[in-house]
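Hi everyone, thanks for coming. Today I'd like to walk you through one protein model, starting from a single residue and working outwards. Have a look at the picture first.

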Amino acid sequence: MAMTGVLRPVTALLLATAILMLGGGLQSVLLPLRAQMEGFTDLQIGVFGSAYFLGQLDGCMFAPVVIARVGHIRAFAAFSAVAATIPLLHAIVVDPIAWTILRLASGAVLAGVFLVIESWLSAASDQETRGRVLGAYTLIHLLLVMAGMQLISVKSPEEFELFSLVAVMFSLAAVPIALTATIAPVPPRRTKLRIGWLFYFSPAAWLAAVLTGITNGAIWMMFPVYAKGIGFETSEVAVFMATAVLAGAIAQWPIGSLSDRFGRRVFLAGGALVSAAFGIALVAIGSEQTVLLYAFVAVFGAASFPLYTLALAHANDLVNKRRAVEVAGGLLLIFSIGAVIGPVISSAAMGILGPSALFATTALFHILLVAAVM
């Protein structure tokens, strides 16, 4: 089936994802850089990074209840409206404790947004197309995150405008979903997240979700701090991080397509192995070897960013479509547990061993992921 035929039923979802991630990409660079300018310590930055994922845990609990009550479209509109107010509050109240609370709230409502999108995409696809559909979703997710990162150069992080721009994007993301003519999935009758049930059906996806949560949480929160720590200027940080994100985006469609044909587990293990190898390589090379840094971080991104998507597709292959919300919510909950841990572990390691400890940390957990899915 051609790419356009596979993706036509989910066009509104992918457009909403694009707008949302444009704001999310800007925010991912804006908050750590502004925090550094305000004198926050690496540990404080790691803690409010973990707070975001702790908020996702709460979101995974209440979002299925909201979806079951009002449906996918109204739930998305409500979650995105609340999400849009939070960046503005970051700019108004600049304080480590306040930002930690705000990141908790942001994680909760954005978990709801992602749960609506991912469960809808899973329900709208089958085992023969799910890898490509979710791969396209993650490709758009990462490409627009990368594009959003580049907006950091529009204004100084010390000014209000960039926070306002994030809020605008989060607001506009609701428009394609509100106006879509595509019929949303039937809301789930059962809203309880059964983590044990999910492990029974797919231990590989369960373990992959928690381990990729640890590595992704560390990368998304601490990569700008790592880049600054090895000597990159503020204007170069976004470009360096975007290299990893772009490589991960480009890899999504071919890896998703191949996994539709040959199965998910081999690509989960292979991607984790490559991620571990190039994480170790990033620790070993010197900060003056700029070309190698860019090359290695590109391979790292291409191997590591598709891993959660593969885990989500693998789990959905094993259950009825009516359980898409349960699967998406359960895996996001497990991912979030890992992502709470990741920034704290990596920031503590970086504080003791230096910025390159970020990739030593991710390499350790990627090796564990290889062992978990073999």
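Let's begin with Ala339, which is buried, because its relative accessibility is 0%. Buried here means under 20% relative accessible area, while exposed is over 50% and partly exposed is in between, worked out with a 1.4 Å probe and protein chains only. Before going on, a word on where this comes from: this is a predicted model, local features need pLDDT of at least 70, side-chain atom pairs count only at pLDDT 80 or more, and totals for chains, interfaces and linings use all residues. Residues are numbered from 1 along each chain as its sequence is written, and side-chain values use heavy atoms, with hydrogens and water left out.

Back to our residue. Ala339 sits in helix 15. When I say helix, I mean a DSSP run of H or I with at least four residues; a strand is a run of E with at least two, and both are numbered from the N terminus. What does Ala339 touch, not counting residues up to four places away in sequence? The answer is Ser50, Phe53, Gly213, Ile214 and Gly217. Contact means heavy atoms within 4.5 Å. Ala339 and Leu211 are also worth finding on your screen: they are 128 residues apart in sequence, yet their C-alpha atoms are 8.4 Å apart in space.

Staying in helix 15, we come to Ser346. Ser346 counts as buried, because its relative accessible area is 0%. Its contacts, leaving aside neighbours within four places in sequence, are Ala218, Met222, Leu358 and Thr361.

Now move over to helix 10, where you will find Thr212. Is Thr212 buried or exposed? It is buried, with a relative accessible area of 1%. Setting aside its neighbours within four places in sequence, Thr212 is in contact with Gly217, Leu307, Tyr308, Phe335 and Leu369.

For a contrast, try Leu54 in helix 3. Leu54 counts as partly exposed, because its relative accessibility is 38%. Beyond residues up to four places away in sequence, Leu54 touches Leu104 and Val340. From Leu54 to Ala105 there are 51 residues in sequence, and the distance from C-alpha to C-alpha is 9.3 Å.

Ser257, in helix 11, is partly exposed too, with a relative accessible area of 24%. The C-alpha atoms of Ser257 and Ser202 are separated by 21 Å, with their positions 55 residues apart along the chain.

Let's zoom out to the whole protein. How many helices and strands does it have? There are 16 helices and zero strands. Buried residues make up 59% of the 374 residues. Among contacts with a separation of 6 or more, 84% are between residues 24 or more positions apart. The C-alpha trace spans about 50 × 45 × 35 Å along its principal axes.

Next, the empty space inside. Rolling a probe the size of a water molecule over the atoms shows where empty space is left. A cavity, on a 1 Å grid over the protein atoms alone, is a set of points where a 1.4 Å probe fits but cannot get out, and lining residues have an atom within 4 Å of a point. Grid points are joined across faces, edges and corners, and a volume is the space filled by probe spheres set on the points. By this rule there are three cavities of 30 Å³ or more.

The largest cavity has a volume of about 680 Å³. Its lining has 32 residues, and Met21, Tyr52, Phe114, His141 and Trp220 lie nearest its centre. Which helix gives the largest share of that lining? Helix 2 does, with seven residues. By class, the lining has 19 nonpolar, eleven polar and two charged residues. Here Ala, Val, Leu, Ile, Met, Phe, Trp, Tyr, Cys and Pro count as nonpolar, Asp, Glu, Lys and Arg as charged, and the others, Gly among them, as polar.

The second largest cavity has a volume of about 60 Å³. The residues lining this second cavity include Gly131, Gln252, Ser259 and Pro306. Helix 11 supplies the largest share of them, four residues. This lining divides into four nonpolar, six polar and no charged residues.

That's my tour, and I'm happy to take questions.

Terms used: 1 Å grid on protein atoms, 1.4 Å probe; cavity = no way out; pocket = protein on both sides within 12 Å on 5 of 7 lines; lining within 4 Å.
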